[in-house]
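User: I am new to this structure and would be grateful for a close look at a single part of it. Please also explain how that part sits beside the rest.

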Amino acid sequence: MTLPLKLAHTADESQIIEFFQESVGQWRSERRYYTLPDGETKEMESIINIRFLEQGCEELQKLAQIHELPESVILVCGAEVNWCSTDVLKDRTESQGSTLFGALGNNLYRDRGFATSKPVTAKYNFPNTKTLYLRTEYKGSVFEEELKLIGNKYRTRQTIISRAGEQIMIGQYLEKRIV
């Protein structure tokens, strides 16, 4: 008799599974971007939909292919994030789209980055059980992001973008669960 194969997860993998599951739903994101050093600000509002992706699903298989991972590599879980963003001050749609995330070890694979439509990989860890920290580097820039779950109705996010060792932008977000 053959028993089904059970995959053991690292502590970070177990936490990312839980974090993504707790993030499922629709969120209203209110955020402000500060351009440094001049301090110019931009206020945005988004509706974000997050869907959990189970290990082995079609989206995660495609994501692994995009990253040219060996067929034997299976991403442990992921999330699909869809958004529609409005510039509050100009009252117009700024952007809309979607992105896929897939986790393996302490790497988070994405089908696109914050400032590129190309696939990127971030390193992630959990300073505590409700806070996800990501660090992504590409095109000479570093993106440090912290997402914190606050109860089951709120999330905060902060993004710091640096280039050549200097911070060039800070984004601060308050996200409220709608559904």
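The part I have in mind is strand β9 with its partners, and the answer below begins there.

Analyst: The model is a predicted one, in which local features need pLDDT of at least 70 and side-chain atom pairs pLDDT 80 or more, while totals for chains, interfaces and linings use all residues. Numbering starts from 1 along each chain as its sequence is written, and side-chain values rest on heavy atoms, without hydrogens or water.

The mean pLDDT (the predictor's confidence in each residue, from 0 to 100) is 92, and 95% of the residues reach 70 or more. Residues 1-6 fall below 50, and beyond near neighbours in sequence this stretch has 0 contacts (heavy atoms within 4.5 Å) in the model.

Strand β9 covers residues 154-163 (strands are DSSP runs of E, at least two residues, and helices runs of H or I, at least four, numbered from the N terminus). On one side of the account stands β8, residues 141-150, which runs antiparallel to β9 and is joined to it by 10 bridges (strands pair if DSSP finds at least two bridges between them). Among the partners across this pairing are isoleucine 150 and tyrosine 154. The two strands form a hairpin with 3 residues between them, where glycine 151 adopts a positive phi near 60°.

The other partner is β10, residues 166-177, which is again antiparallel to β9 and joined to it by 10 bridges. This hairpin has 2 residues between its strands, and alanine 164 in the turn shows a positive phi of about 55°. Serine 162 is bridged to glutamine 167 in β10, and threonine 156 is bridged to leucine 174 in β10. Strand β10 also pairs with β1, residues 25-35, in the antiparallel sense over 9 bridges. There, arginine 31 has tyrosine 173 of β10 as its bridge partner.

Tyrosine 173 appears in a second setting: arginine 157 lies over the face of its ring, at 4.1 Å from the ring centre (the charge rule asks for NZ of Lys or CZ of Arg within 6 Å of the centre and within 35 degrees of the ring normal). Arginine 155 is placed over the face of tryptophan 27, at 5.2 Å from the ring centre.

Beyond these strands, which elements supply the largest nonpolar core? At least two residues each come from α1 (11-23), β2 (41-54), β3 (77-87), β4 (92-104), β6 (120-128), β7 (131-138) and β8, and α1 gives the most, with 4 residues. The core (buried Ala, Val, Leu, Ile, Met, Phe, Trp, Tyr and Cys joined through side-chain atoms within 4.5 Å) holds 22 residues, of which Ile16, Phe20, Cys77, Leu108, Tyr124 and Leu132 touch the most other members. Not counting residues up to four places away in sequence, tyrosine 124 touches Ile16, Leu108 and Leu132, and its other contacts include Asp12, Glu13, Ala103 and Leu134. A second, separate core has 8 residues, including Cys57, Leu60, Ala64 and Leu75.

Aromatic pairs number 5 in the whole structure (Phe, Tyr and Trp rings, the six-membered one for Trp, with centres within 6.5 Å; planes under 30 degrees apart are stacked, over 60 edge-to-face, the rest tilted). Tyrosine 138 and phenylalanine 143 count as stacked because their ring centres are 4.8 Å apart and their planes stand at 20°. Both residues are buried (under 20% relative accessible area; over 50% is exposed, and in between is partly exposed, with a 1.4 Å probe and protein chains only). Tyrosine 138 belongs to β7 and has 13% relative accessibility. Leaving aside neighbours within four places in sequence, the contacts of tyrosine 138 are Gly113, Phe114, Ala115, Thr116, Val120 and Phe143. Ring pairs also gather Phe19, Tyr124 and Phe126 into a cluster.

Asparagine 82, in strand β3, is partly exposed, at 29% relative accessible area. Its C-alpha atom lies 4.1 Å from that of serine 98, although 16 residues separate the two along the chain. Apart from neighbours within four places in sequence, asparagine 82 is in contact with Ile47, Ile48, Asn49, Gly97 and Ser98.
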